[in-house]
2 protein chains.
Amino acid sequence: MGWDEVDDSACPVARALAVVGDRWTLLILRELFFGTHRFDDLQALTGASSHLLATRLRRLEEDGVVARRQYNDRPPRYEYTLTPKGRDLQPVMFALRSWGAKWHARSSKEEPALSLVHASCGAPVEAAMICPSCGEPCTNADLRASFGKTFAAERRARLEAFQARKRSD
Amino acid sequence: MGWDEVDDSACPVARALAVVGDRWTLLILRELFFGTHRFDDLQALTGASSHLLATRLRRLEEDGVVARRQYNDRPPRYEYTLTPKGRDLQPVMFALRSWGAKWHARSSKEEPALSLVHASCGAPVEAAMICPSCGEPCTNADLRASFGKTFAAERRARLEAFQARKRSD
DNA sequence: CAGTATCCTCGAGGATACTG
DNA sequence: CAGTATCCTCGAGGATACTG
């Protein structure tokens with residue numbers, strides 16, 4: 001199964017991954033979140049080759065995650081910014097940052113390499129999950145996944161197809 | 001720059017990506033979050049080949065994200081579960097799910113294919129960011145990134161090295 | 001059921017050079 | 001500064017077969 005097929009899954013995680021589930025893509029998006037928007041700067045700060053960077057930016061533009069704007073006429077110069085769709089990836093970045101900082105810290109007492117601060121009060125922000133129904137904060141252990149009908153059916157179909165294929169060998 | 005080097009960055013996002021920044025890895029982790037823990041089921045539900053699945057599971061085990069437990073002696077049978085480190089990836093999954101559901105919905109009025117429900121009250125949970133200092137909920141626009149000294153220095157070094165390399169051509 | 005062993009393909013991406 | 005154009009490598013992963 002290639003990723004064009006995964007793209008078709010009913011699972012929103014799979015569909016998200018089909019667009020942004022790639023190391024370089026995510027690293028480039030990180031830079032765009034930081035406010036880097038020039039090609040050369042993106043190249044320097046991510047370490048990607050120009051070829052790779054151009055490819056990824058083109059794909060991100062096609063997917064509506066990144067907008068390319070011409071900021072100079074002659075010579076033509078472009079800058080890259082996040083669209084609203086791209087900005088909506090912030091929770092993904094933030095979650096990756098928190099996990100990386102917690103489980104892959106370089107030293108036990110390292111200063112936070114990256115924090116998100118509340119622009120109005122300057123305090124660093126941490127993520128929290130609040131149950132909108134009972135108002136309680138919930139930890140991972142309090143949560144369980146629940147499937148919609150379509151996705152549940154897709155899963156059953158996958159399992160059956162796989163078993164049938166195995167039997168036929 | 002290969003990903004072994006990115007792994008060395010001061011950026012927690014980059015270090016997280018070096019471990020889990022891969023489509024298949026993330027898709028397999030999704031399944032583990034759903035409670036799938038047998039090899040064949042993982043294969044069927046992700047669509048990965050056995051070779052690919054074995055490779056990814058081995059890597060995830062080495063990275064301490066997944067634990068392999070023998071649940072049968074003869075023949076030896078293993079099952080895969082998330083370690084605490086792996087379970088901590090839940091916000092990443094959840095953020096991907098929300099983004100995928102919002103921006104890559106298959107129809108405008110589709111039922112949610114996947115939700116996280118609060119185990120104690122059964123209500124679906126959404127993520128919210130609360131500023132721990134002022135107690136206000138904040139949206140993406142209220143937040144800005146702030147770099148630690150090490151990461152800031154690394155970024156300056158990258159920019160300078162890149163410019164020097166360009167000049168020398 | 002849960003993989004391992006081989007072989008082979010093919011395409012992503014690096015290197016290098018060039019451009020307005 | 002912001003890329004495009006080519007060429008070429010090499011390694012990820014598919015296909016197939018096999019195993020306790």
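**Two chains and two DNA strands**

A phosphate oxygen of DNA strand D sits 2.9 Å from an N or O atom in the side chain of Tyr71(A). Hi everyone, I wanted to open with that one contact and work outwards. Please keep in mind that this is a predicted model, and that the distances come from its atoms.

Let's stay with DNA strand D for a moment. On the chain A side, Asp40(A) also reaches a phosphate oxygen of this strand, this time through a backbone N or O atom, at 3.4 Å. Chain B takes part too: in Arg56(B), an N or O atom of the side chain is 2.8 Å from a phosphate oxygen of DNA strand D. Which elements give two or more residues to the surface near this strand? From chain A they are α4 (39-46), α5 (50-62), β1 (66-72) and β2 (77-82), and from chain B there is α5 (50-62).

Around DNA strand D there are 17 residues, and those that come nearest are Arg38(A), Phe39(A), Arg77(A), Arg56(B) and Arg77(B). If you like to sort by class, that surface has eight charged, six nonpolar and three polar residues. As for the DNA itself, 68% of the strand D atoms within 4 Å of the protein belong to sugar or phosphate, and the rest belong to bases.

Now, over to DNA strand C. Here 17 residues surround the strand, the closest being Arg56(A), Arg77(A), Arg38(B), Phe39(B) and Arg77(B). Asp40(B) has a backbone N or O atom 3.4 Å from a phosphate oxygen of strand C. The side chain of Tyr71(B) puts an N or O atom 3.0 Å from a phosphate oxygen, and Tyr80(B) has a polar side-chain atom 2.9 Å from a phosphate oxygen of the strand.

The elements that each supply at least two residues of the surface near strand C are α5 of chain A and, from chain B, α4 (39-46), α5, β1 (66-72) and β2 (77-82). By class, this surface has six nonpolar, three polar and eight charged residues. Of the strand C atoms within 4 Å of the protein, 70% are sugar or phosphate, with bases making up the rest.

So much for the DNA; next, the protein–protein contact. How many residues does each chain bring to it? Chain A gives 97 residues and chain B gives 97 residues. Between them the two chains bury about 8,800 Å², with 64% of that on carbon and sulfur atoms.

On the polar side, 26 residue pairs are in polar contact between chain B and chain A, both residues at pLDDT 80 or more. The largest share of chain B's side of the contact comes from helix α7 (residues 90-103) of chain B, with 13 residues. That side of chain B has 56 nonpolar, 17 polar and 24 charged residues.

There are four salt bridges between the chains. One to look up on screen links Asp88(B) and Lys102(A), where the closest N and O atoms are 2.7 Å apart.

Last item: the strands pair across the chains as well. Strand β3 (residues 114-118) of chain A and strand β5 (residues 143-147) of chain B run antiparallel and are joined by five bridges. Within that pairing, Leu114(A) has Phe147(B) as its bridge partner in β5(B).

Thanks for listening, and I'm happy to take questions.

Conventions. Residues are numbered from 1 along each chain as its sequence is written. Chains are lettered from A and ligands numbered from 1 in the order in which they are written. Side-chain values use heavy atoms; hydrogens and water are left out. Contact means heavy atoms within 4.5 Å. Buried area is the accessible area (1.4 Å probe) that two parts lose on being put together, summed over both. A salt bridge is a side-chain nitrogen of Lys or Arg within 4 Å of a carboxyl oxygen of Asp or Glu. A polar contact is a pair of N or O atoms within 3.5 Å; within protein, one must be able to donate a hydrogen and the other to accept it, and residues adjacent in sequence count only if both atoms are side-chain atoms. Helices (H or I, at least four residues) and strands (E, at least two) are DSSP runs, numbered from the N terminus. Ala, Val, Leu, Ile, Met, Phe, Trp, Tyr, Cys and Pro count as nonpolar, Asp, Glu, Lys and Arg as charged, and the others, Gly among them, as polar. Two strands pair if DSSP finds at least two bridges between them. A residue is near a molecule or strand if one of its heavy atoms lies within 4 Å of it.
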